[in-house]
Amino acid sequence: MDRLSLLETFVVALDEGSLNRAAQRRGMTQSAVSQQIKQLESLLGQQLLHRSARGVQATRAGDLVFTHAQGLLGGYDRLTAELDSLNASVSGTFRISTSTFLGRSVVGPLLLELDRQYPDLDIVMRLEDRLVDVVRENYDLAIRSGKLGSTDGVGRKIAELETVLFASPAYLDAVGRPQQPEDLIRLKFIQLHEDQTEGFFPLNRDGEEVLAPIRVGFTADDPELIIQAVTNGSGYTRAPRPFVEDQLRDGTFEQVLPEYNAPDKDVFAVFPSRHSIDRRRELVIDGVTERLTQIHRRAAQPRPATITA
């Protein structure tokens with residue numbers, strides 16, 4: 001039994017002047033109330049109550065404990081009220097880590113909006129194409145796609161992104177367009193550092209999974225550099241469809257093996273503890289989830305028909 005609970009039972013007993021009425025108010029048995037007061041008396045080494053048929057009265061030590069207990073309990077109530085207010089507020093420094101790709105396209109624009117809405121909020125965003133440890137590196141939140149990595153924090157899956165394999169049409173003209181998954185061995189795969197393929201890549205067609213052989217030709221931890229390499233005809237890569245849909249539609253990129261589905265990429269929110277409530281964190285997570293849903297819906301819209309003369 002914690003000491004604040006013992007003090008609260010003692011204060012209620014004196015307020016009511018009766019162990020029986022104190023038990024009713026505290027929602028416990030009279031014997032439990034009596035036991036808690038005896039435990040408090042044992043802890044303090046003083047008799048606190050005079051018990052009689054007419055009820056209970058404080059001893060001199062009891063009067064002193066009653067006065068201090070009221071102050072302690074009142075201070076605790078103010079503490080919890082201030083903590084609740086802190087948890088509900090949108091202010092202070094909020095540190096967030098996210099990948100370059102998600103940061104520029106989703107998280108960054110959202111944080112700029114939140115910055116305008118909440119002038120007391122100080123946002124510190126780091127674009128890092130590595131897996132951070134939110135606890136050891138003192139982040140309030142990390143938004144990650146792919147893998148969680150090693151962290152002492154808590155991960156919550158918030159979205160899935162459809163991914164596609166794609167290359168420049170010029171590269172496919174030069175090396176030949178693969179017709180089957182095994183044909184990918186002829187092409188160079190440009191790999192994001194955190195997405196290690198280990199020599200094979202799972203593709204799905206009509207519910208059947210096929211392990212396609214992968215020949216890695218270039219690895220980098222910068223998504224912009226990988227897109228540049230694809231544009232320059234260095235090979236093919238994989239990325240979330242919503243973020244390359246415009247280039248696929250205008251012919252800048254061409255989907256590789258369009259009859260096969262590449263695995264979805266999970267998006268996670270990672271934060272230090274599941275027990276702490278942070279209004280700022282929930283605003284960001286809800287905003288990112290909503291924006292990813294909107295992006296997915298736009299990408300899923302049918303391509304406009306081309307009108308030819």
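Is Thr-237 buried or exposed? In this predicted model, Thr-237 has a relative accessibility of 3% and therefore counts as buried, since the cut-off for a buried residue is under 20%. The residue is found in strand E12, which spans residues 237-240. Its side chain takes part in a polar contact, in that one of the polar side-chain atoms of Thr-237 lies 2.6 Å from the backbone oxygen of Ile-190. When residues up to four places away in sequence are not counted, Thr-237 touches Val-164, Leu-165, Phe-166, Phe-189, Ile-190, Ile-226 and Val-230. Ile-190 thus appears both as a residue touched by Thr-237 and as the owner of the backbone oxygen in the polar contact.

The strand that holds Thr-237 also belongs to a sheet. Strands of a sheet pair through backbone hydrogen bonds, either parallel or antiparallel. Here three strands form an open sheet in the order E12-E7-E13, and the pairing is antiparallel. The edges of this sheet are E12 and strand E13 (254-255), each of which pairs on one side only. Strand E7 (residues 163-167) is joined to E13 over two bridges in the antiparallel sense, and within this pair Phe-166 stands opposite Gln-255 of E13. Phe-166 is also among the residues that Thr-237 touches.

A second antiparallel arrangement is provided by strand E9 (residues 200-205) and strand E10 (residues 208-213), which are joined by six bridges. Phe-201 stands opposite Ala-212 in E10. The hairpin of E9 and E10 has two residues between the strands, and in this hairpin Asp-206 takes a positive phi near 55 degrees.

Internal space was examined next. Rolling a probe the size of a water molecule over the atoms shows where empty space is left. The count comes to three cavities of 30 Å³ or more, and the largest cavity has a volume of about 260 Å³. Its lining consists of 21 residues, of which Phe-101, Leu-192, Pro-223, Pro-240 and Lys-265 lie nearest the centre of the cavity. Helix H5 (100-117), strand E5 (141-145), strand E8 (189-192), helix H7 (223-231) and E12 each supply at least two residues of this lining, with E12 giving the most, namely four residues. By class, the lining of the largest cavity is made up of eleven nonpolar, four polar and six charged residues. Strand E12 accordingly has a place both at an edge of the open sheet and in the lining of the largest cavity.

Positive phi values occur at further positions of the backbone. Asn-138, which is not a glycine, has a positive phi near 60 degrees and is placed in the loop between strand E4 (121-127) and E5. With a relative accessibility of 56%, Asn-138 counts as exposed. Leu-257, likewise not a glycine, has a positive phi of about 50 degrees and lies in the loop between E13 and strand E14 (265-271). Leu-257, however, counts as buried, because its relative accessibility is 6%.

A glycine with a positive phi is found beside a helix. Just after helix H8, Gly-251 takes a positive phi of about 90 degrees. Within H8 itself (residues 241-250), the buried residues include Arg-241, Pro-242, Phe-243, Val-244, Glu-245 and Leu-248.

Key:
Residues are numbered from 1 along each chain as its sequence is written. This is a predicted model: local features need pLDDT of at least 70, side-chain atom pairs count only at pLDDT 80 or more; totals for chains, interfaces and linings use all residues. Side-chain values use heavy atoms; hydrogens and water are left out. Buried means under 20% relative accessible area, exposed over 50%, partly exposed in between (1.4 Å probe, protein chains only). A polar contact is a pair of N or O atoms within 3.5 Å; within protein, one must be able to donate a hydrogen and the other to accept it, and residues adjacent in sequence count only if both atoms are side-chain atoms. Contact means heavy atoms within 4.5 Å. On a 1 Å grid over the protein atoms alone, a cavity is a set of points where a 1.4 Å probe fits but cannot get out, and a pocket is an open set with protein on both sides within 12 Å along at least five of seven lines; lining residues have an atom within 4 Å of a point. Grid points are joined across faces, edges and corners, and a volume is the space filled by probe spheres set on the points. Ala, Val, Leu, Ile, Met, Phe, Trp, Tyr, Cys and Pro count as nonpolar, Asp, Glu, Lys and Arg as charged, and the others, Gly among them, as polar. Two strands pair if DSSP finds at least two bridges between them.
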